[in-house]
Amino acid sequence: MKIQICQVNSTVGDFEANQQKISAALADSMADLFVFPECAICGYPPQDLLDYPEFAEKSESVLQSLAASHPTKSFLVGGVERNQQKGRPLRNVAYFVSGGRVVERYFKRLLPSYDVFDEDRFFEPGRESKIITLNGKK
């Protein structure tokens, strides 16, 4: 399995530019799996922009657009989404996308709350680990 690490330089809040960078990396290679950074879709750290509901909505919209635009690619990419359960309003998510759809979501478990990091204020932590399967391999 060929895995490509895609260290794109995302800009906080610049969804269109971030989407272009992610799309360019996906188009640049024939890897089996592309791995992007935490919050590559929205930029990191998003901090107080997370207070605006449209920020998470835009992140989810870009995710769906990336999935639909690259149906033959498999990739892990980070973003944010609304928490559908009890707890803090948002989730810091690593999405596994394959076949043009989101196959799996992994919610970040260890949220930093020191120095410039204030993730515990915004994000509900994940509770479980995930193992993905691609082309019959874990």
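Start with the largest nonpolar core of this predicted model. Select I22, F36, I41, F75, V77 and V80: of the 31 residues in this core, these touch the most other members. Next, colour α1 (15-27), α2 (53-69), β3 (74-82) and β4 (90-98), each of which supplies at least two residues of the core. The biggest contribution comes from α2, with six residues. In soluble globular proteins, nonpolar side chains tend to be buried together.

Now centre on I22. Leaving aside residues up to four places away in sequence, I22 touches F36, A40, I41, L66 and V77.

Move on to the cysteines. How many disulfides does the structure hold? There are zero. Select C6, which is in no disulfide; the nearest cysteine sulfur to it belongs to C39, 16 Å away. C6 is buried, with a relative accessible area of 5%. Then show C42 together with C39. Their sulfurs lie 4.1 Å apart, and C39 holds the closest cysteine sulfur to that of C42. That is too far for a bond, because a disulfide requires the two sulfur atoms to be within 2.5 Å. C42 is also buried, at a relative accessible area of 0%.

Finish at the strands. Select β4 and then β5 (residues 101-107): the two run antiparallel and are joined by six bridges. For one pairing, pick Y95, whose bridge partner in β5 is R105. β4 and β5 form a hairpin, with two residues between them. Zoom in on G99 in the turn, where phi is positive, at about 65°.

Definitions and conventions
Residues are numbered from 1 along each chain as its sequence is written. This is a predicted model: local features need pLDDT of at least 70, side-chain atom pairs count only at pLDDT 80 or more; totals for chains, interfaces and linings use all residues. Side-chain values use heavy atoms; hydrogens and water are left out. Buried means under 20% relative accessible area, exposed over 50%, partly exposed in between (1.4 Å probe, protein chains only). A nonpolar core is a set of buried Ala, Val, Leu, Ile, Met, Phe, Trp, Tyr and Cys residues joined through side-chain atoms within 4.5 Å. Helices (H or I, at least four residues) and strands (E, at least two) are DSSP runs, numbered from the N terminus. Contact means heavy atoms within 4.5 Å. Two strands pair if DSSP finds at least two bridges between them.
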